[in-house]
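Biologist: Hi, I'm new to this one. Could you put it up on the screen and walk me through it?

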Amino acid sequence: MRSKIYLTALILLLCIPVFVRTTRAQENSTDQATAGPPKFLNMVHQELKPGRSGAYAEMETSIARIYSRENIPVFWVELGSITGPAEVLYLNLFDSSEEMAKAMDALSTGLAAHPELVQMRDRLLQENTSNGTSVLGVRRDDMGYRANTIDFSKMRVLRLSTVFAHPGYERAFMETEWSLSEASNKVHARSAWAVYEVVGGLPEPSFVIVTPMQSLQEIDGIFEASESVKTTEGGALEQHLQELARIAYGTSDTRLFAVGPRMSRVSKKFAASDADFWAPATLSTAPPASAGKGDKTPPKSAGTPAPKP
């Protein structure tokens with residue numbers, strides 16, 4: 001049975017063992033909490049039922065407006081799939097475990113004060129989605145390309161690759177990422193990318209590679225880096241990387257997503273880089289009257305869980 005994930009805040013419902021592992025991952029990497037992308041990245045995927053994209057977008061926009069109107073300090077970035085199945089992806093960005101914990105507390109408080117949001121969320125998921133997953137990743141500072149230049153507030157398109165590595169072969173995965181970083185540097189690729197090690201939500205070891213872009217044109221740099229690998233050392237590097245991939249990887253998946261500001265809920269500080277683009281995500285307006293009427297009496301859902309630590 002599909003687990004119900006409260007996408008309004010999109011907080012991964014963590015258990016104690018996961019927190020222990022994330023702490024260990026933090027201690028094993030360089031402390032760069034003030035530079036580059038967030039230390040923790042929570043990715044919530046929701047697969048949409050056929051023909052439900054419009055209804056999902058309308059209701060999610062109403063929910064985001066309520067959070068803004070009531071000044072509930074919970075934020076997320078919403079994206080819609082460009083490639084692959086119809087899907088909505090939400091990103092929660094946290095620079096520390098303390099910040100993550102505060103967001104969870106804010107979510108719990110907000111839902112307790114506004115039970116209509118719980119009802120709307122249940123209705124949103126039951127009527128429009130077929131499956132959902134929530135994944136938590138910790139940034140790996142020893143991999144990536146120009147990762148410290150990444151600014152999610154300027155992202156308009158996201159290339160997201162998920163790689164499932166074979167246990168014990170993480171080093172081979174790291175070597176492939178280092179080689180690709182060198183190739184990207186040689187061709188002066190515009191698109192920066194960061195690597196997150198998954199610590200919850202997917203079979204481990206697995207990694208997520210995020211490439212935020214300001215436009216689809218930046219994909220050219222990714223292709224150029226790939227071509228550079230093919231020609232380096234007469235193709236020997238590409239052959240070496242293919243061999244490493246056979247050893248290190250089980251499966252991988254790459255998809256493209258476009259940012260949806262209307263269904264996002266971002267802070268004013270986050271929106272400052274492009275206020276016009278993010279304006280729909282920061283407006284403190286009430287939902288449409290028609291949506292408000294219907295949302296007050298949604299069908300009851302069985303066994304709706306409250307957020308848990």
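Biologist: Let me start with a small detail: which residue in β8 is the bridge partner of Thr 162?

Modeller: That's Asp 253. Keep in mind that this is a predicted model.

Biologist: And how do β5 and β8 pair, parallel or antiparallel?

Modeller: Antiparallel, over nine bridges. Strand β5 covers residues 157-165, and β8 covers residues 249-259.

Biologist: What packs on the sheet there?

Modeller: Helix α5, residues 170-186. This helix touches β5, β6, β7 and β8, and its direction makes about 20° with that of β7.

Biologist: OK, zooming out. What do the strands form overall?

Modeller: A barrel: eight strands close up in the order β1-β3-β2-β8-β5-β7-β6-β4, with antiparallel pairing. From one strand to the next, the twist averages 35°.

Biologist: Let's switch to helices. At what angle do α2 and α4 pack?

Modeller: About 165°, with the axes 10 Å apart. Helix α2 is residues 53-69 and α4 is residues 115-128. Because of that angle, α2 is roughly antiparallel to α4.

Biologist: Is the crossing of α2 and α4 left-handed or right-handed?

Modeller: Left-handed.

Biologist: Which residues meet there?

Modeller: On the α2 side they include Tyr 56, Met 59, Ile 63 and Tyr 67, and on the α4 side they include Leu 117, Met 120, Arg 121 and Leu 124. The residues of this contact between α2 and α4 divide into nine nonpolar, two polar and four charged.

Biologist: What about α3 and α4, how do their axes cross?

Modeller: At roughly 100°, and the axes come within 4 Å. Helix α3 is residues 97-113. With that crossing angle, α3 is therefore roughly perpendicular to α4.

Biologist: And which residues make that contact?

Modeller: Leu 111, Ala 112 and Ala 113 in α3 meet Pro 115, Leu 117 and Val 118 in α4. For this contact of α3 with α4, the count is six nonpolar, no polar and no charged.

Biologist: New topic, backbone oddities. Where is there a cis peptide bond?

Modeller: Between Glu 204 and Pro 205, where omega is about 5°. Pro 205 is in the loop between β6 and β7.

Biologist: Which residue other than glycine has a positive phi?

Modeller: Asn 71 does, with phi near 55°. You'll find Asn 71 in the loop between α2 and β2.

Biologist: Last thing: what's the mean pLDDT of the protein chain?

Modeller: The mean is 78, and 74% of the residues reach 70 or more.

Biologist: Where does pLDDT stay under 50?

Modeller: One stretch is residues 1-34, for which the model has 90 contacts beyond four places in sequence. Another is residues 284-309, with 45 such contacts. Where pLDDT is low, the predicted coordinates shouldn't be read in detail.

Note on methods
Residues are numbered from 1 along each chain as its sequence is written. This is a predicted model: local features need pLDDT of at least 70, side-chain atom pairs count only at pLDDT 80 or more; totals for chains, interfaces and linings use all residues. Side-chain values use heavy atoms; hydrogens and water are left out. Two strands pair if DSSP finds at least two bridges between them. Helices (H or I, at least four residues) and strands (E, at least two) are DSSP runs, numbered from the N terminus. Axes are lines fitted to C-alpha atoms, for helices over the stretch in contact, and angles run from 0 to 180 degrees between N-to-C directions. Contact means heavy atoms within 4.5 Å. Angles under 35 degrees count as roughly parallel, over 145 as roughly antiparallel, 65 to 115 as roughly perpendicular and the rest as oblique. A crossing is left-handed if the near helix is turned anticlockwise from the far one by less than a right angle, and right-handed if clockwise. Ala, Val, Leu, Ile, Met, Phe, Trp, Tyr, Cys and Pro count as nonpolar, Asp, Glu, Lys and Arg as charged, and the others, Gly among them, as polar. pLDDT is the predictor's confidence in each residue, from 0 to 100.
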